[in-house]
Amino acid sequence: MNKKFKYVFITIIVAPLIISIVTLVIAELPRESSPKTDLTFMTYNIHFGQGMDDLLNLERIAQNILIDDPDIIGLQEVRIGRIETQGIDMAFWLAKRLGMEYYYFNPINNPHEMGNAILSKYPILIKNGYELPSTHMERTLVHCTVEISSNLKIDVFCTHIGIRNENKTAQINFLLEKIMEISISSKKVLMGDFNLQNDTLEIGNVLTYFNDTAEEFGADPRASIDYIFATGYQDILNSHVITDMLPNVYLPAEYGSDHLPVVSIIRFPSI
Amino acid sequence: MKMKSSYKGNFSFSEIENDLKSKPFYTLFFNLMVLSLFFIQALRAYVPGVYVAMFHVVFGHNIVENLLILLTLIFFTLPALTNTLCKKFGIRRVAIYSIYCIAICRLLIAFHLPNIWQTILSGIIIAIYGTFISTILTLWFDNDINGIKSNNKIIFAVFSILCAFLLDYLIRTIGFSQDISLMPPGLNAEYWYITQYIWLFIQIPLTVVCIYYTRVSFPQFRNDASSVEGKGKKGTVYSLLFVGIGMFWFLLFNVFLYPNIIAHYTDSSYYVSNIISIIAVIISILTILSIKKKILLNIKVTVILNCFMIVSISLFLFLGRILTYFAVILVSISLIIMYLNFFLLFSRMSTIIFKWKKVKTISNAFAIGLVFYILFTVLHIFTTDWAYIISAFKGLGPIIILIAIIILSVSTIISNRLTKQGGKKE
């Protein structure tokens, strides 16, 4: 082997190994977030990372999220390492990109089914996933207890309710029972894609335990099926839907998903 | 010392470089590696493209337009037409134009075209790669001026293809598991139109170098006109070897190419599983370059390795979350065996004597492999992601993977037996 080819050979062999070790080291670097009581929550159905132009682009999803730089995010329609999405672990990728901790859960019986994830800038103390009763596609409820400070812990839930009417009531009842059973704090946030409009019986059922954070901010009850519900909070400072990703640009390419991110800024009592 | 030398292969890059001359040697290596990388990227992008289109069909959006994407499956039969093209235009010209075509199609994809066009272009790259690989190997293998052993040429070709896998790992590692060509940097209202095309800064030089060096220093092979027809006979058993190559693609592109999925099945870290997967490719390359092929062809060795692979993958699929990192190591060893199986099948495919010309043998092998790749991918999707459509298929995903592993193993063992029998007769 001549010298020139030897260098080419060694570079091709060694470069992936070195880069993979460097990424491992970077991933292990510690991150810190300062404690606060006004927290920004976001729920976003990311549609497997495929935007309105059908193209897969997680960076675009990250950019859509960064418009409001949320502290805690609930993601739906997340895939991990499947051929249909080029083998990308979306929850992991977005968590690394946004510098957050994460927990992902998909149905136990069918790990290929889409799942939900919670991403948090603050440490996740408890993480659990549950399957919702379903006769069609398996759906899940993800639960994380997030520690904002030593005095403030919040139970965060993320779900994606099925599209078939016969499953919706059972799924809502199951998740409400589960939430009451497993919560360790009185401060709870439930968010996700409910596939239900605001005036339905099922959402009415949710509202007996939670408040719709968008209600005071003039949200059209028929405009969204993505919600952020909360209880145990002090005040809701803002709630809105991010509709324009790039000001003055009107392209399908600016939307990372077929859903829009819903954001609520909630103030919690510190004790 | 004596033992060591009896295992050591006699492959030498210098021998090939001296035979081809320096520039053509680098052109051949670069083309084989870069076009294989484009093929890997296209094969990874094709199924998601079809998947999105089918999603639209299910929800009733642009049904005709999206169903048209299914027609791209016809492309997969195109490699089988390579021999006809060679008869009409000459094998050298077909080889050169297939390089241009793949390089340009990959460049077009980098322009962030709509999904339907990206899928069509990916399909074209996959099909034409079959033409490229069959023509280039035929040209080179039939060109035996200085008596370079065909075995060394096969080792060089497989080395280049495995280097493409390493490059693919590198690209995905930099992108934290996402292919960086999918990742335009941040949206910015002012620079949006420019930044989404940043991958072009990498793709344009790659395409230009591919085309330029092919024009300037494509190797001058002696038997450029056409290869001679073989005197062997057709045999259905040989088709199994081609199916084995399809299974190799299926297993890699559905599960084992992705450290994410290995990490998920085993409840382990992506980073660790990524490093171990890269080490597996490196060990495979070093094994192919340094160990005598005779050892890999030994039936006992092949049977032991493949049985180990089947047991390891079974443990990974059914007990992965209990065995965690032990399962990751088992998968990595299985990955090495898979790459070695690919090497053995590829060598058999390249040296097989059929009634057909070599170019037809290789291109048909490629087309049969692709058809089985698609067949098993569809089966896998209906037993996993789309299992809710036919509930009887639910939970059968691991069984499909195991069947594919068994077919890959059986085809490798049969291939080795045939090679040994062939060797004895000669």
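The following exchange explains how terms are applied to two sheets of chain A and to a cavity in chain B.

This is a predicted model, in which local features need pLDDT of at least 70, side-chain atom pairs count only at pLDDT 80 or more, and totals for chains, interfaces and linings use all residues. Residues are numbered from 1 along each chain as its sequence is written, chains are lettered from A and ligands numbered from 1 in the order in which they are written, and side-chain values use heavy atoms, with hydrogens and water left out.

Me: What makes β5(A) and β6(A) a pair?
Reply: Two strands pair if DSSP finds at least two bridges between them, a strand being a DSSP run of E with at least two residues, numbered from the N terminus. Eight bridges join β5(A) to β6(A), residues 139-147, and the two run antiparallel. The criterion is therefore met. Within this pairing, A:K127 stands opposite A:C144.

Me: Why are β5 and β9 of chain A called edges?
Reply: The open sheet has six strands in the order β5-β6-β7-β8-β10-β9 (chain A), with mixed pairing. β5 (124-132) and β9 (211-212) each have a single partner strand, so one side of each is left without a neighbour in the sheet.

Me: Which strands are the edges of the sheet β3-β4-β2-β1-β12-β11 (chain A)?
Reply: That open sheet also has six strands and mixed pairing. Its edge strands are β3 (101-105) and β11 (235-241), each pairing on one side only. Five bridges join β3(A) to the antiparallel strand β4(A), residues 115-120, and A:F105 stands opposite A:N116 in β4(A).

Me: What does the angle of about 145° between α2(A) and β1(A) describe?
Reply: Angles run from 0 to 180 degrees between N-to-C directions, along axes fitted to C-alpha atoms, for helices over the stretch in contact, where contact means heavy atoms within 4.5 Å. A helix is a DSSP run of H or I with at least four residues. Helix α2 (residues 58-66) lies across β1 (38-45) and β2 (72-78) of chain A, at about 145° to β1(A).

Me: What makes the lining of the largest cavity nonpolar?
Reply: On a 1 Å grid over the protein atoms alone, a cavity is a set of points where a 1.4 Å probe fits but cannot get out, and lining residues have an atom within 4 Å of a point. Ala, Val, Leu, Ile, Met, Phe, Trp, Tyr, Cys and Pro count as nonpolar. The lining includes B:F39, B:Y129, B:W249 and B:M349, and its residues divide into twelve nonpolar, no polar and no charged. The largest share, three residues, comes from α16(B).

Definitions and conventions. On a 1 Å grid over the protein atoms alone, a cavity is a set of points where a 1.4 Å probe fits but cannot get out, and a pocket is an open set with protein on both sides within 12 Å along at least five of seven lines; lining residues have an atom within 4 Å of a point.
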